[in-house]
Amino acid sequence: TQHVPLSDAKLHSVAALRGLCVVDVLRLRIINEGILRSFLYLIDTPPSTAILVEIAAILCGFSSLYETHVDLLQPAVLHSIFLLAMGDLVEAQQFASTALANLASNSA
């Protein structure tokens, strides 16, 4: 039999990673493994608004750890955070705005 992925498999994957991001060590590992780039691809072609909210929450979680700021301040990542902060989804706006505030607080 052929395996057919669930329609919401991406949402479940992103939500699972959001859960992992609450632990500092795992957050750093996720950044170091390059998973952040994958989130950016999902932002460009989101299958649902729920995924955008999850990604904004993950970026917010990353921003709370100073060691991740170098990666989050890369132009493509920062651009994505700005897009989420200026988008139509209020919950994504809140997470992205908090991420920007966290990044700004350590920019000195």
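**Notes on the helix packing**

1. Let's start with a pair of helices late in the chain: α6 (residues 75–86) packs on α7 at an angle of about 135°, and their axes sit 7 Å apart. The two helices are therefore oblique to each other. In passing α7, α6 makes a left-handed crossing. Bear in mind throughout that this is a predicted model.

2. Who does the touching here? From α6 come Leu78, Ile81, Phe82, Leu84, Ala85 and Met86, and from α7 come Ala92, Gln93, Ala96, Ser97, Ala99, Leu100 and Leu103. Sorted by class, that contact has eleven nonpolar residues, two polar ones and no charged ones.

3. A quick step back to the whole protein. You'll find seven helices and zero strands, so to speak a run of α-α-α-α-α-α-α from the N terminus on. There are 108 residues, and 36% of them count as buried. The accessible surface comes to about 6,500 Å², with 60% of that belonging to carbon and sulfur atoms. Looking at contacts with a separation of 6 or more, 63% are accounted for by residues 24 or more positions apart.

4. α7 has another partner, α4. Helix α4 (residues 49–63) and helix α7 (residues 90–105) have axes that come within 8 Å and cross at roughly 20°. That angle makes α4 roughly parallel to α7, since anything under 35 degrees counts as roughly parallel. The crossing of α4 past α7 is left-handed.

5. On the α4 side of that contact you have Leu52, Val53, Ala56, Ala57, Leu59, Cys60 and Ser63; on the α7 side, Glu91, Ala92, Phe95, Ala96, Thr98, Ala99, Asn102 and Leu103. The class split between α4 and α7 is eleven nonpolar, three polar and one charged. If you compare the two lists for α7, Ala92 is in the contact with α6 and also in the contact with α4.

6. Glu91 is worth a click. Glutamate 91 is found in helix α7, and its relative accessibility of 42% means that it counts as partly exposed. Its C-alpha is separated from that of valine 53 by 6.3 Å, although the two are 38 residues apart along the chain.

7. Next, Ser63, on the α4 side. Is serine 63 buried or exposed? With 2% relative accessibility, serine 63 counts as buried. It lies in helix α4. Setting aside neighbours within four places in sequence, serine 63 is in contact with Thr68, His69, Leu72, Thr98, Ala99, Asn102 and Leu103.

8. One of those contacts, Leu72, deserves its own point. Leucine 72 has its place in helix α5 (residues 69–72), and at 0% relative accessibility it counts as buried. Not counting residues up to four places away in sequence, leucine 72 touches Leu36, Leu59, Phe62, Ser63, Val77, Leu78, Ile81 and Leu103. For phenylalanine 62, ten residues from leucine 72 in sequence, the C-alpha to C-alpha distance is 7.9 Å.

9. From Leu72 you can hop to Leu36. Leucine 36 is found in helix α3 (residues 35–44) and is buried, with a relative accessible area of 6%. Beyond four places in sequence, leucine 36 touches Ile30, Ile31, Leu59, Phe62, Asp71, Leu72 and Val77. Try the distance to isoleucine 55 as well: leucine 36 is 19 residues from it in sequence and 9.5 Å from it in space, C-alpha to C-alpha.

10. Last, the partner of α4 at the start of the chain. How do α1 and α4 lie relative to each other? Helix α1 (residues 9–20) packs with α4 at an angle of about 20°, their axes 9 Å apart, and the two are therefore roughly parallel to each other. α1 passes α4 in a left-handed crossing. Lys10, Leu11, Val14, Ala15, Leu17 and Arg18 of α1 meet Ala50, Ile51, Glu54, Ile55, Ala57 and Ile58 of α4. By class, this contact of α1 with α4 has nine nonpolar residues, no polar ones and three charged ones. Ala57 of α4 is listed in the contact with α1 and in the contact with α7.

Methods. Residues numbered from 1 in each chain as written. Predicted model: local features only at pLDDT ≥ 70, side-chain atom pairs only at ≥ 80, totals over all residues. Heavy atoms only, no water. Axes fitted to C-alpha atoms, helices over the stretch in contact; angles between N-to-C directions. Helix = DSSP H or I, 4+ residues; strand = E, 2+ residues; numbered from the N terminus. Parallel < 35°, antiparallel > 145°, perpendicular 65-115°, else oblique. Left-handed = near helix turned anticlockwise from the far one by under 90°. Contact = heavy atoms within 4.5 Å. Nonpolar A, V, L, I, M, F, W, Y, C, P; charged D, E, K, R; others polar. Buried < 20%, exposed > 50% of the residue type's maximum accessible area, 1.4 Å probe, protein only. Areas by Shrake-Rupley, 256 points an atom, 1.4 Å probe, with all protein chains shown as cover.
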